[in-house]
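Here is a walk through one chain, from its open spaces to its strands and charged pairs. Have the viewer at hand and follow along.

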Amino acid sequence: MQAIQAGLLIVDVNDVREQSGLLIEEGEIKAILPNEEIDAKIKSGEVTQLQDARDALVMPGFVNAHMHQYGMLSHGLAADVENFESFLDDYWWPYIENRIGRKEVEATTKASAAEMIHAGITTYCDTMEAPFSGEDILLYQAKIVEQIGLRAILSLESCERVDEENGLHCLNENRKMVEYHKQNGGRVGGMMCTHTSFTCSAPFMQKAKQMADELGAMWQFHLSESIFEPTYAREHFGKLPVVYYDELGLLGNRVLASQCVQMQEEEIEILAKRGVQAVHMPMSNCEVGGGFAPVEKMLAAGVNVALGTDGYINDFFEVMRGAFLMHKANQQDPSAMPAKTVFQMATENGGKALGMPQAGTLRVGSFADFTVMSRKFPTPLTSKNLFDQIVVFGQKQNVTDVYVAGTPVLKNKQLATMDEAQVFEDLRAVATSFWEVKRG
């Protein structure tokens, strides 16, 4: 059995302890004890010291509940688009998604993982949008993630925008990923994944939901990222998107809806009633001009809302800060979205959203996935102000160590499983070649 001792320990948002630590065995937390009791166990030889972090903060690893790792290729790439529909039709689909292959998957998986680790993310859900990426692409990606050591759920977005055959192929890739995890266990799993109601027919979505149910897996899709989908749904179905999904019998507590920006109160009530999980992406919602998601209304209604990077800005401290600040400005209410709520969305809510209640907390029985962070903030870090300090003033530069299942993936600010310089050199090489192809 191993132990880590902390100066400040965040077990969850309602349990913060001083001078306490964790006992870890087989990748899980077995006990939470005062540091002095851990000292006695170390002296007796019952426990070995994993790390002495009594001058630091130890907190749950963040859960990035929705991202696109391949999106690293688009960082810094200028796109002249007029609206959300143009963003997809004229830029994202033809110029990015349709051209993703194995070398792009490998380079972006490693580089985005490096960014996430430095920001204290230990668990994430990736949505690969690559309809022409080929056979077994998720299994290929899984091997890379396993070597990195993060905990992940991988999926391939499936839809009929190319054709039905391509969509069914992508659904089958998701099935193989789910079955791979069932057979092999480990830290990398899968889920079913579709795009939206404007790229998937009702029978296709029902097929995806049926496959998820038969596999005992979750099913995720994008929901109302901008005004485009609600407008489309009204014009083509005569109803709001969530009402459309609900009347098709597709909603339930193993459904993960990402974005959820342009939502009506009627839709929020349905999501809450059906137990649908939601993911909020404050930074990328701004990038595409989607609007401000009604996060507080969803939380108040009982919807579990997690946080995600969308593969846009992978620094979770920036994402938390965005969620903390943007809603205050939008609602003209400084009490909106308190830091404690944002931190919970970034941790415990994320684990729940992904169907992994052992992720996002450091309770007994939870995964031993945690981040060690320096307490050297400009002003004193205390048990009373730490959520405001972390969310508002936290920086990834303060993250010193990151552990997944009690194994370091970051040690003394150095990646433990990757050559970081090589990872980003490889990404630049792949991106240079990728960018050389002209649109049209």
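## The largest pocket

Helix 2 is the top contributor to the lining of the largest pocket, putting in six residues. This is a predicted model, so take the pocket as a feature of the prediction. The space inside comes to about 520 Å³. In total, 27 residues line the largest pocket, and the ones closest to its centre are F87, Y91, W92, E287 and V288. Helix 2 and helix 10 (282-287) are the elements that supply two or more residues to that lining.

## Closed cavities and the E97 corner

How many cavities of 30 Å³ or more turn up? The count is three. The largest cavity holds about 60 Å³ of space. Around the largest cavity sit E97, E129, A130, P131, E157, S158, C159, R161, N166 and C170.

Two of those lining residues, E97 and R161, also pair up with each other: R161 makes a salt bridge to E97, with the closest N and O atoms 3.2 Å apart. R161 belongs to the loop between strand 7 (151-156) and helix 5 (164-184), while E97 belongs to the loop between helix 2 (84-96) and helix 3 (102-118), so the bridge ties together parts 64 residues apart in sequence. Are the two partners buried or exposed? E97 is buried, at a relative accessible area of 3%, whereas R161 counts as partly exposed at 24%. The cut-off for buried is under 20%, so R161 misses it.

## Other salt bridges

Side chains of opposite charge can pair when their charged atoms come close. There are 19 salt bridges in this structure. Take D39 and R54, whose closest N and O atoms are 3.2 Å apart. That pair links distant parts of the chain, with D39 in helix 1 (residues 35-44) and R54 in strand 4 (residues 48-60), 15 residues apart. D39 is partly exposed at 25% relative accessibility, and R54 is partly exposed too, at 30%.

Further along, R363 forms a salt bridge with E348, and here the closest N and O atoms are 2.8 Å apart. E348 is in helix 14 and R363 is in the loop between helix 14 (348-353) and strand 14 (370-374), 15 residues apart. At 32% relative accessibility, R363 counts as partly exposed. Elsewhere, E135, D136, E173 and K176 are joined into one network by salt bridges that share partners.

## A buried arginine

Now for R321, which is in helix 12 (residues 316-331). Is this arginine buried or exposed? R321 is buried, with a relative accessible area of 15%. What does the side chain of R321 reach? It reaches the backbone oxygen of V392, at 3.0 Å. Setting aside neighbours within four places in sequence, R321 is in contact with V391, V392, F393 and G394.

## The parallel sheet and S224

Strands of a sheet pair through backbone hydrogen bonds, either parallel or antiparallel. One open sheet here has five strands in the order 9-10-11-12-13, with parallel pairing. Strand 9 (192-193) and strand 13 (305-307) are the edge strands, each pairing on one side only. Inside the sheet, strand 10 (residues 219-223) and strand 11 (residues 255-259) run parallel and are joined by five bridges. H222 stands opposite S258 of strand 11.

S224 is in the loop between strand 10 and helix 7 (228-237). At 0% relative accessibility, S224 counts as buried. Leaving out its neighbours within four places in sequence, S224 is in contact with E229, P230, P241, C260, V261, Q262 and M263. From S224 to S258 the C-alpha to C-alpha distance is 8.6 Å, with their positions 34 residues apart in sequence.

## An antiparallel hairpin

For the antiparallel sense, look at strand 2 (residues 15-25) and strand 3 (residues 28-34), which pair over six bridges. Which residue in strand 3 is the bridge partner of G21? The partner is L33. The hairpin has two residues between the strands, and E26 takes a positive phi near 55° there.

Key
Residues are numbered from 1 along each chain as its sequence is written. This is a predicted model: local features need pLDDT of at least 70, side-chain atom pairs count only at pLDDT 80 or more; totals for chains, interfaces and linings use all residues. Side-chain values use heavy atoms; hydrogens and water are left out. A salt bridge is a side-chain nitrogen of Lys or Arg within 4 Å of a carboxyl oxygen of Asp or Glu. Helices (H or I, at least four residues) and strands (E, at least two) are DSSP runs, numbered from the N terminus. Buried means under 20% relative accessible area, exposed over 50%, partly exposed in between (1.4 Å probe, protein chains only). A polar contact is a pair of N or O atoms within 3.5 Å; within protein, one must be able to donate a hydrogen and the other to accept it, and residues adjacent in sequence count only if both atoms are side-chain atoms. Contact means heavy atoms within 4.5 Å. Two strands pair if DSSP finds at least two bridges between them. On a 1 Å grid over the protein atoms alone, a cavity is a set of points where a 1.4 Å probe fits but cannot get out, and a pocket is an open set with protein on both sides within 12 Å along at least five of seven lines; lining residues have an atom within 4 Å of a point. Grid points are joined across faces, edges and corners, and a volume is the space filled by probe spheres set on the points.
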